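User: I have a structure to go through and would like some help reading it. Could we take it one region at a time?

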Amino acid sequence: MFRFMLAPMEEHTDSAFRRLCFNHGADLTFTEMAKIDGLARNNKPTVNKTLRLDNTPTQIQILPGKDEMLEKYLKSFKPSEGFMGFNFNFGCPAPEVQRVGRGCAMVKRVTKANRLINIVRKYNYPVSLKIRLGASAFEKKVKVYMNLINGSDPDFFIVHARTGEETYEDKPDYSVFEECVASGKEIIANGDIETPKALHEVKKMGVKGVMIGRGACRNPAIFDLLKGKAIPSFDELKREYSALAEKYNSTPRHKKNVLIRIGQKFAPSYLENKM
Ligand SMILES: Cc1cc2nc3c(=O)[nH]c(=O)nc-3n(C[C@H](O)[C@H](O)[C@H](O)COP(=O)(O)O)c2cc1C
């Protein structure tokens, strides 16, 4: 089945927003990124990012670090209804994250990636990778992302078709999907997929799904819209979200971020350089 996924987005994709998107066609959702060190130490604000308050299909997104930290966290992790596994963030372009070999610096670290995948598999949980095309234009040119795709075996890869150097001003390069798909691995396309035209373009390359981020902030029913279904008005979506945010005790920041974006035509500039 071709799948529509809601992208992980800091200070947006808490339980309320994930449920809203699930109610309107998202087949799988992701928590905002949580750093493994905080999870392993049971740091409350970090753990809160991974809360699942209902049965919405959700993968927990982790920014991995040391193997032992992942082991420590998984030892005491309790799955809940709707929990669909873990996703590793190999796409974060923040310099302080890359400097310590994490985020999109992980795209070239195939051996380490396999160790992390194997740790999750030991506990019998599904695991996916969200990657960029490498940290730089050079890494893209030498196709480090293909080494990772060919050299590791998570359940699926989400490929954000930009490098860590590129911003949202740069057009994602959908041409890479063809080779990614030819690897035989399950590939989910990400980056500016908001219209039937973009959906069609990546679908015909054989990807098994799409992940949508900013488009879902502007229209949380974009999933049903792209599936050809009728969708509610923005006012109705705002009302539905507000009730969910109340029920799930969303933070004022989450509420503000979500409510100002619904119905917006373009992403505000401060969204431009995120992951
Ligand atoms: C506000 C914001 C927060 C984000 N936070 C995360 C995150 O926590 N983890 C992650 O992997 N990507 C994060 N991203 C990147 C998105 O998941 C996605 O890869 C990116 O926005 C491209 O998809 P789009 O063009 O559909 O928005 C974030 C993006 C935005 C705009």
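Analyst: Let us begin with a loop. Asn42 lies in the loop between helix H2 (36-40) and H3. Please keep in mind that this is a predicted model.

User: Is Asn42 buried or exposed?

Analyst: Asn42 has a relative accessible area of 60%. Exposed means over 50%, so Asn42 counts as exposed.

User: And what is phi of Asn42 near?

Analyst: Phi of Asn42 is near 60 degrees, which is a positive value in a residue other than glycine. Phi of Asn249 is likewise near 60 degrees, again a positive value in a residue other than glycine.

User: Where is Asn249 found?

Analyst: Asn249 sits in the loop between helix H13 (234-247) and helix H14 (252-261). Its relative accessibility is 67%, so Asn249 is exposed.

User: Back to the other end of H3. Where does Lys49 lie?

Analyst: Lys49 belongs to the loop that runs between helix H3 (44-48) and strand E4 (58-63). With a relative accessible area of 29%, Lys49 is partly exposed.

User: Which residues is Lys49 in contact with, leaving aside neighbours within four places in sequence?

Analyst: These are Glu10, Thr31, Glu32, Met33 and Ala34. In addition, the C-alpha atoms of Lys49 and Glu11 are separated by 8.8 Å, although the two residues are 38 residues apart along the chain.

User: Changing topic: how do H4 and H6 pack?

Analyst: Helix H4 (residues 67-76) and helix H6 (residues 110-122) pack at an angle of about 15 degrees, and their axes are 10 Å apart. Angles under 35 degrees count as roughly parallel, and H4 and H6 are therefore roughly parallel to each other. Their crossing is right-handed.

User: Which residues meet there?

Analyst: From H4 come Asp67, Leu70, Glu71 and Leu74, and these meet Lys112, Arg115, Leu116, Ile119, Val120 and Lys122 in H6. The residues of this contact divide into 5 nonpolar, no polar and 5 charged.

User: One last helix. Which residues of H10 are buried?

Analyst: In helix H10 (residues 196-203), the buried residues are Ala198, Leu199 and Val202. Seen down the axis of H10, they fall within an arc of 100 degrees, so they line one face of the helix. In general, an α-helix has 3.6 residues a turn, so residues three or four places apart point the same way.

User: What is on the other side of H10?

Analyst: There, Pro196, Lys197 and His200 are exposed.

User: And what do the buried residues of H10 pack against?

Analyst: They pack against strand E1 (3-6), helix H9 (176-182), strand E8 (187-190), strand E9 (209-212) and helix H12 (222-226).

Note on methods. Residues numbered from 1 in each chain as written. Predicted model: local features only at pLDDT ≥ 70, side-chain atom pairs only at ≥ 80, totals over all residues. Heavy atoms only, no water. Axes fitted to C-alpha atoms, helices over the stretch in contact; angles between N-to-C directions. Helix = DSSP H or I, 4+ residues; strand = E, 2+ residues; numbered from the N terminus. Parallel < 35°, antiparallel > 145°, perpendicular 65-115°, else oblique. Left-handed = near helix turned anticlockwise from the far one by under 90°. Contact = heavy atoms within 4.5 Å. Nonpolar A, V, L, I, M, F, W, Y, C, P; charged D, E, K, R; others polar. Buried < 20%, exposed > 50% of the residue type's maximum accessible area, 1.4 Å probe, protein only. Arc of directions from axis to C-beta.
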